[in-house]
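Q: I am new to this structure and would like a close look at a single part of it. Could you walk me through one strand and its surroundings in a friendly way?

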Amino acid sequence: MILGVIVLLVLIIILLMVYNMSIHKKIQNFHNLNQKITSLNVLQDFMNTVSEISSVDEKIKKINDILIERYQIKYSTIVIYNGTDYQVKASNVEQKHWDSLRNLQSEEIFKDSIHTATPKYVTVEREGDRLPYQRMEFGRAKSAMFFPLYVENVYIGYWIIEGSKPHEFDNIDTTILEVVKNNIVSVLRTVENQQVIENIVREDKFTNLKSEEYLFGEAKKVIDKYTTSTVCLFRITNIEEINETYSRKIGDRIIVEVSRIIKENLSNEYIFVRYMGPKFAIVFSGIDMDAVVTFMKEMKQKTENFAIEVIKQNGKKQERYLAKPKLNVVVSTYYKGTALEGLTKKLEEYLDQAPKEEHTINYL
């Protein structure tokens with residue numbers, strides 16, 4: 001009798017153990033599934049951030065905020081090497097600690113991680129200890145995971161996450177973090193071209209207008225606030241003739257005066273740049289084409305009525321001439337989300353291929 005009870009209890013215990021193992025496995029599977037769903041959501045947030053109308057630095061900061069929120073990370077810092085020095089591009093750590101965070105590549109403990117492109121986990125054993133790379137900090141971070149970042153086998157910086165407890169990342173799923181790291185690299189690669197454009201924007205010394213690159217970087221924030229805008233390119237068609245007949249100095253003055261007249265009559269909310277040489281571009285954000293054509297007709301008349309008096313000495317006789325600009329204008333509609341650089345290129349090709357004597361307003 002007693003033996004039967006014991007056997008029954010053993011069977012019950014075995015069944016409970018099997019059941020508990022089954023429940024644990026289901027919980028683990030659910031946890032893994034939940035992590036995968038979180039990662040997919042994070043990836044979607046990353047992609048949304050890339051497509052946002054903002055600068056590269058703002059995008060990187062937004063990505064870091066997403067990581068902190070979705071993965072409940074205490075501290076997260078993204079450091080990028082710009083070819084000259086290391087810069088903290090995004091961090092929720094107090095700025096007074098940034099000097100140590102942007103010099104982790106010099107720490108012996110992380111050099112092997114950078115060399116082998118593998119993550120490095122460091123932690124303290126006791127509350128009173130501090131991490132090897134910390135100099136003046138005691139209570140901020142007790143655990144850290146360091147991820148070197150590579151784009152096509154080129155080292156570009158690192159991502160480091162930190163926790164406030166010893167051994168905080170002992171049981172973290174490093175596979176998920178590797179996926180997150182790879183997503184960070186993908187985003188950095190995606191915004192690389194935008195960063196190049198932002199860095200090469202310059203100001204024209206004659207007209208004080210920004211160069212064409214400005215259209216495709218900073219100006220896009222304004223332009224893409226609207227569903228449609230009107231893009232206008234115009235060219236001073238007789239600038240070569242003016243340079244040859246009078247002088248290059250007179251030609252430069254014509255360029256300066258044409259840009260001045262239009263700038264003085266143009267609202268500050270519209271984007272006006274010196275596109276290239278005697279070509280200029282204006283983006284009328286949120287304005288329909290008919291209104292732009294009316295405005296450009298007025299501008300064309302004003303600029304073509306302007307003249308620079310040129311005096312030439314012909315033997316003992318002085319001859320007076322008037323150097324007057326002629327404008328050829330082309331306009332088209334830009335739709336948010338389409339390639340602005342493709343549209344401006346199309347307009348530029350039209351102006352370049354148009355007959356030199358053409359100076360009117362055209363639609364594309």
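A: Here is a short tour of strand E1, its partners and the rings around them. Please keep in mind that this is a predicted model.

Let's begin with the setting. The chain has 364 residues, and 44% of them are buried. Its secondary structure comes to 10 helices and 13 strands. If you take the contacts between residues at least 6 apart in sequence, 63% of them join residues at least 24 apart.

Now to the strand itself. E1 covers residues 75-81. Is E1 largely enclosed or not? Six of its seven residues are buried, so the rest of the structure largely encloses this strand.

E1 has a pairing with strand E5, which spans residues 154-163. The two run in the antiparallel sense, and six bridges connect them. To find this pairing in the picture, look for Tyr75, which stands opposite Glu162 in E5. E1 also pairs with strand E2, residues 86-91, again in the antiparallel sense, this time over five bridges. Here a handy place to look is Ile80, whose opposite residue in E2 is Gln87.

The two partner strands, E2 and E5, also bring us to the aromatic rings. The whole structure holds 14 aromatic pairs. One of them is formed by Tyr86 and Tyr155, a tilted pair with 6.4 Å from centre to centre and 50° between the planes. Tyr86 belongs to strand E2 and Tyr155 to strand E5, so this pair ties together parts that lie 69 residues apart in sequence. Are these two residues buried or exposed? Tyr86 has a relative accessibility of 17%, so it counts as buried. Tyr155, at 18%, counts as buried too; the cut-off for buried is under 20%.

This pair is part of a wider group. Ring pairs link Tyr86 and Tyr155 into a cluster with other residues, including Tyr81, Phe110, Tyr133 and Tyr158. Tyr81 brings us back to E1, as residue 81 lies within the strand's range of 75-81.

One last stop follows E5 onward. The loop between E5 and helix H5 (174-200) contains His167. Its phi is positive, about 60°, although His167 is not a glycine. Unlike the two tyrosines, which count as buried, His167 counts as partly exposed, because its relative accessibility is 31%.

How values were computed. Residues numbered from 1 in each chain as written. Predicted model: local features only at pLDDT ≥ 70, side-chain atom pairs only at ≥ 80, totals over all residues. Heavy atoms only, no water. Helix = DSSP H or I, 4+ residues; strand = E, 2+ residues; numbered from the N terminus. Buried < 20%, exposed > 50% of the residue type's maximum accessible area, 1.4 Å probe, protein only. Contact = heavy atoms within 4.5 Å. Pairing = 2+ DSSP bridges. Phe/Tyr/Trp six-rings, centres within 6.5 Å; stacked < 30°, edge-to-face > 60°.
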